[in-house]
Amino acid sequence: MAENKIVSLQNARVKQVVALQQKSAERRKQGLFVVEGIRELQHCLEAGFTINSIFFCPELTDANPLPQLSENIAAYEVSPEVYEKMAYRGTTEGVIAIVQARQLRLRDLQLKKQPLLMVLESVEKPGNLGAILRSADAAGADAVIVCDPLTDLYNPNLIRSSIGAIFSVPCVACSSDDCINYLKLNNIKILTAQLQDSKLYYDTDMTCGTAIIMGTESTGLTEVWRQAADAHIRIPMLGQLDSLNVSVSAAILLYEAVRQRNN
């Protein structure tokens, strides 16, 4: 790696990183996004993403050796002040990378014989999507499909909250109609999580090809998914509240599929 030192806050590369961190439109325009932290960067490399350039602050990386990188990747040493300007969060071990985005499509997914998919309609909060990706990774789900998304898949909050699962779990953004057609074409059972006209989740077979569909916490799923469903499922609520955080619900349902498949 060729090393160059950046000490000016007005450097064009510093401004590029800041823009990519803050603006989804800039990420889409450039086809790039930002990864912070050694662990996240390692997951990114293991998933085969292409690193555009890397920035490191020696004062923060001494105890955290950088991952092995190709010699042709541009590397820049930055001062603590510059790193503070670039970093979206403070505790990222002094490493920031610009990475080429990857846009998976439904047809790119490689599914096993009885796939397990998590489908999210109009997910609102990047932190929730990141947490769901972690659960999907832990449960061995084949993919997470985000329908009609309200956040982009390379939002820095999403990357942080997923702790790298955005790289280890195939994640596709598409319309609800395209997703429904894909699931039906591949004979994957559609289970919608909803309170109305539903039965308890553990009374529903999830050993076949299964897609668990979840909506927003505020409004739930739209009618298009309710009508497309093969079954409606719910988690019992025994207290005074009528819902769980969407990421908690997703983890419960994913692990019910794991339980059934391992019995």
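On a 1 Å grid over the protein atoms alone, a pocket is an open set of points where a 1.4 Å probe fits, with protein on both sides within 12 Å along at least five of seven lines, and its lining residues have an atom within 4 Å of a point. A volume is the space filled by probe spheres set on the points, which are joined across faces, edges and corners. The model examined here is predicted, with local features needing pLDDT of at least 70, side-chain atom pairs counted only at pLDDT 80 or more, and totals for linings using all residues. Residues are numbered from 1 along each chain, and side-chain values use heavy atoms, without hydrogens and water.

The largest pocket holds about 480 Å³ of space. Its lining has 23 residues, and A193, Q194, L195, D242 and S243 are the closest to its centre. Two elements, β12 (231-234) and α11 (246-261), give two or more residues each to this lining (helices, H or I, of at least four residues and strands, E, of at least two are DSSP runs, numbered from the N terminus). The largest share, three residues, belongs to α11.

What surrounds α11 itself? Its buried residues (under 20% relative accessible area, 1.4 Å probe, protein chains only) include V246, L253, L254 and V258. Among the elements that cover the buried residues of α11 are β6 (116-121), α6 (126-138) and β12, where contact means heavy atoms within 4.5 Å.

The second largest pocket offers about 290 Å³ of space. Of its 18 lining residues, R28, Q103, D152, L153 and A173 are the closest to the centre.

Terms used. Buried means under 20% relative accessible area, exposed over 50%, partly exposed in between (1.4 Å probe, protein chains only).
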